[in-house]
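Please open the model in your viewer and keep the sequence panel beside it, as this tour moves from one selection to the next.

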Amino acid sequence: MNLGRLFTASVKELELSGILTAEIDVKLMLGDILDKDSSFFFSHPEALVSNPAYQRFRQMIRRRKTGEPVAYILGWKEFYGMRFKVNKNVLIPRPETEMMIDLALDRISNIEYGIRNKKQISILDIGTGSGCIIISLLKNNIQYSKFNILAFASDISEKALKVAKINAKSNEVDDLIKFYKSDLLSSDRLPKNIDVILANLPYGPRGVKNPRINYHDLSFEPQNALFADKKGLDLIEKLIIQISKRNYKPKLILLEIFEDHPEPIKKLTEKYLPEYQFELKQDYANLNRLIILSLSKI
Ligand SMILES: C[S@@+](CC[C@H](N)C(=O)[O-])C[C@H]1O[C@@H](n2cnc3c(N)ncnc32)[C@H](O)[C@@H]1O
């Protein structure tokens, strides 16, 4: 079949299966198989697709029709301009998480000022999953030679850590990050003097139907990466309590949150971390998405 007809027929097939992102999905999957960007499909509609490529593409279309996310079908997802391997053991990085990297880099300059005598800033990414947060931050930091960062990443899932390590290697920062298996901060092996904590922990309310959550779309991803008890607040609450018990307090804590959660998290921080300043940021869709806790001295 020629490229033009295959493209049009496949978009239609996905649309009829109720896939709302049919055109972009076909561009990504066909582009991946042919190693071409989508402008090629339109400039060479008459090009013939080889039989092996056609068969592989059909297999992708069949998977996509079941609702499986394109990122799992391709085995990668772009995040912060970089490519990250993903599989069913890790959450697919979301575009709204990119703001955590921008904010971290911006706020670290204040910290550096606050602890000027310190040579390095230690950063821990908790619940690292694919590693997208800490890896993007490091790559950006290297590119602009900003700060001297000691990077750590942790996850409770061994399988997720395996993916994060592969991504660190493919993005050439594997010798700059130390990985730990840990339930939040509970492992004794984690370094004690952490200046910055970044955490995008599972925050979807477990077992409670929320009209704003599309459960079918999320059914392919690891449920322990998405949902938490206590209406989604369980892990964030535990982390806040663990931080409150540490002798060396991080200067900065960034938490990605569920849009309904600012108030309960504000109450938790007032109770356990009263010395921190609380700030709330919205994402590009104007939804509450990020909490910044900073020690008021910085
Ligand atoms: C929402 S995903 C975020 C993944 C990645 N940081 C991102 O932003 O795409 C949450 C991650 O937290 C991990 N996690 C779940 N419970 C945890 C716990 N108690 N301690 C550490 N990590 C946990 C999951 O395995 C998962 O990788």
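Helices, as named here, are DSSP runs of H or I with at least four residues, and they are numbered from the N terminus. By that numbering, Lys159 is found in helix 8, which makes this residue a convenient place to begin in what is a predicted model.

**Lys159 and its surroundings**

Select Lys159 and display its side chain; at 54% relative accessibility this residue counts as exposed, since the term exposed is used over 50%. If you then add Ser130 to the selection, you have two residues that are 29 residues apart along the chain, with their C-alpha atoms separated by 9.8 Å.

Next, move to Leu176, which lies in the loop between helix 8 (158–170) and strand 5. Leu176 is partly exposed, with a relative accessible area of 38%, and its C-alpha atom is 9.3 Å from that of Ile135, although the two residues are 41 residues apart in sequence.

**The ligand**

Now select the ligand and show the residues around it. Which residues come nearest to the ligand? Of the 19 residues around the ligand, the nearest are Gly127, Asp155, Asp183, Leu184 and Asn200. Sorted by class, this shell has nine nonpolar, eight polar and two charged residues, and helix 7 (132–143) and helix 10 (223–226) each supply at least two residues of the shell.

For the polar contacts, turn on the backbone atoms and look at the nitrogen atoms of the ligand. A backbone N or O atom of Gly127 lies 2.8 Å from a nitrogen atom of the ligand, a polar backbone atom of Thr128 is 3.2 Å from a ligand nitrogen atom, and a backbone N or O atom of Ile156 lies 3.3 Å from a nitrogen atom of the ligand. A surface view adds to this picture, in that the protein covers 95% of the 600 Å² of accessible area that the ligand has on its own.

**The aromatic rings**

Hide the ligand for a moment and show the aromatic side chains. How many aromatic pairs does the structure hold? The structure holds six aromatic pairs, and one of them is formed by Phe79 and Phe84, whose rings are edge-to-face, at 6.1 Å centre to centre with 80° between the planes. Phe79 and Phe84 are each buried.

Then select Phe152 and Tyr180, whose ring centres are 6.2 Å apart and whose planes stand at 45°, so this pair is tilted. Because Phe152 lies in strand 4 (residues 149–155) and Tyr180 lies in strand 5 (residues 177–181), the pair ties together parts that are 28 residues apart in sequence. Phe152 and Tyr180 are both buried.

A further selection of Phe7, Phe41 and Phe42 shows a cluster linked by ring pairs.

Two rings also have a positively charged residue to look at. Bring up Lys36 with Phe40, where the charged end of the lysine sits over the ring, 4.9 Å from its centre; then bring up Arg83 with Trp76, where the arginine lies over the face of the ring, at 3.5 Å from the ring centre.

**Loops and backbone angles**

Go on to the loop between strand 8 (227–228) and helix 11 (234–244), where Gly232 lies. Is Gly232 buried or exposed? Gly232 is buried, with a relative accessible area of 0%, and its C-alpha atom is separated by 9.2 Å from that of Val208, 24 residues apart along the chain.

Lys231 is found in that loop between strand 8 and helix 11 as well, but Lys231 is exposed, with a relative accessible area of 61%. Most residues other than glycine have a negative phi. Lys231, however, has a positive phi of about 60° although it is not a glycine.

For another positive phi, select Asn286, where the value is near 65° in a residue other than glycine. Asn286 has its place in the loop between strand 10 (276–282) and strand 11 (288–295), and it is exposed, with a relative accessible area of 62%.

**Last stop**

Finish at Ser187, in the loop between strand 5 and strand 6 (196–199), which is buried at a relative accessible area of 17%. To end with a view across the model, add Met29 to the selection: Ser187 and Met29 are 158 residues apart in sequence, and their C-alpha atoms are 40 Å apart in space.

Note on methods:
Residues numbered from 1 in each chain as written. Predicted model: local features only at pLDDT ≥ 70, side-chain atom pairs only at ≥ 80, totals over all residues. Heavy atoms only, no water. Near = heavy atom within 4 Å. Polar contact = N/O pair within 3.5 Å; in protein donor to acceptor, adjacent residues only side chain to side chain. Areas by Shrake-Rupley, 256 points an atom, 1.4 Å probe, with all protein chains shown as cover. Nonpolar A, V, L, I, M, F, W, Y, C, P; charged D, E, K, R; others polar. Phe/Tyr/Trp six-rings, centres within 6.5 Å; stacked < 30°, edge-to-face > 60°. Buried < 20%, exposed > 50% of the residue type's maximum accessible area, 1.4 Å probe, protein only. Lys NZ or Arg CZ within 6 Å of the ring centre and 35° of its normal.
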